[in-house]
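Got the viewer open? Let's take a short walk through the fold, one selection at a time.

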Amino acid sequence: QVQLVESGGGLVQAGGSLRLSCAASGRTFRTYAMGWFRQAPGKEREFVAAIGSSSTTRYADSVKGRFTVSRDSATNMVYLQMNSLKPEDTAVYYCAADRFLYTSAAEYDYWGQGTQVTVSS
């Protein structure tokens, strides 16, 4: 069982940066792949980035070169550094965990409650 809690969301101007954090519970955290997803109003939840247990990473094309996912297995934390933010990045951002690295939300077993990110133009 894995429990996830996101933090770090907020309001930022276009071009600014935010770092999202995801605190994970459970002694097997280091064996899980971790994903970040987002959901804007009226839209489906979409893949943003993911990091495997060996730190392999995947990114959505829309965030490549702007976002960086990382993990610290010593502290059971996962991070999403978001730079050069755009208004279209506005969404609720969710942290997710699964045994394998997927880019589909349907594959992830565990989810956090989400944190709001709003980018003003």
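**Stop one: a pair of strands**

Start by selecting β1 together with strand β3, residues 18-24: the two run antiparallel and are joined by four bridges. Keep in mind as you click around that this is a predicted model.

Now pick out Glu6. Which residue is its bridge partner in β3? Cys22 is the one to highlight. Leave Cys22 coloured, as the tour comes back to that residue.

**Stop two: the whole sheet**

Widen the selection to take in β8 and β7 as well. You now have an open sheet of four strands, in the order β1-β3-β8-β7, with antiparallel pairing. Which strands sit at the edges? They are β1 (4-7) and β7 (67-72), and each of these pairs on one side only. Turn the view a little and look at how the strands lie against each other: neighbours in this sheet are turned by 15° on average, direction ignored.

**Stop three: the disulfide**

Back to Cys22. Show its side chain along with that of Cys95, and you'll find the two joined by a disulfide, with 2.1 Å from S to S. How many disulfides does the structure hold? Just one. The link ties together distant parts of the chain: Cys22 belongs to strand β3 and Cys95 to strand β9, 73 residues apart. If your viewer reports dihedrals, check the one about the S-S bond: at -80°, the link of Cys22 and Cys95 is left-handed.

Are these two cysteines buried or exposed? Switch on a surface and look for them. Cys22 has a relative accessible area of 0%, so Cys22 is buried, the cut-off being under 20%. Cys95 also counts as buried, at 0% relative accessibility.

**Stop four: two serines with positive phi**

Next, go to the loop between β5 (46-51) and β6 (57-59), where you'll find Ser55. Its backbone deserves a click: phi of Ser55 is near 75°, a positive value in a residue other than glycine. Ser55 has a relative accessible area of 43%, which lies between the 20% and 50% cut-offs, so Ser55 is partly exposed.

For the last selection, move to the loop between β8 (77-82) and β9 (91-98) and pick Ser84. What is the phi of Ser84 near? The value is near 50°, again positive in a residue other than glycine. With the surface still on, you can see that Ser84 counts as partly exposed, at 42% relative accessibility.

Conventions
Residues are numbered from 1 along each chain as its sequence is written. This is a predicted model: local features need pLDDT of at least 70, side-chain atom pairs count only at pLDDT 80 or more; totals for chains, interfaces and linings use all residues. Side-chain values use heavy atoms; hydrogens and water are left out. Two strands pair if DSSP finds at least two bridges between them. Axes are lines fitted to C-alpha atoms, for helices over the stretch in contact, and angles run from 0 to 180 degrees between N-to-C directions. Buried means under 20% relative accessible area, exposed over 50%, partly exposed in between (1.4 Å probe, protein chains only). A disulfide is a pair of cysteine sulfur atoms within 2.5 Å.
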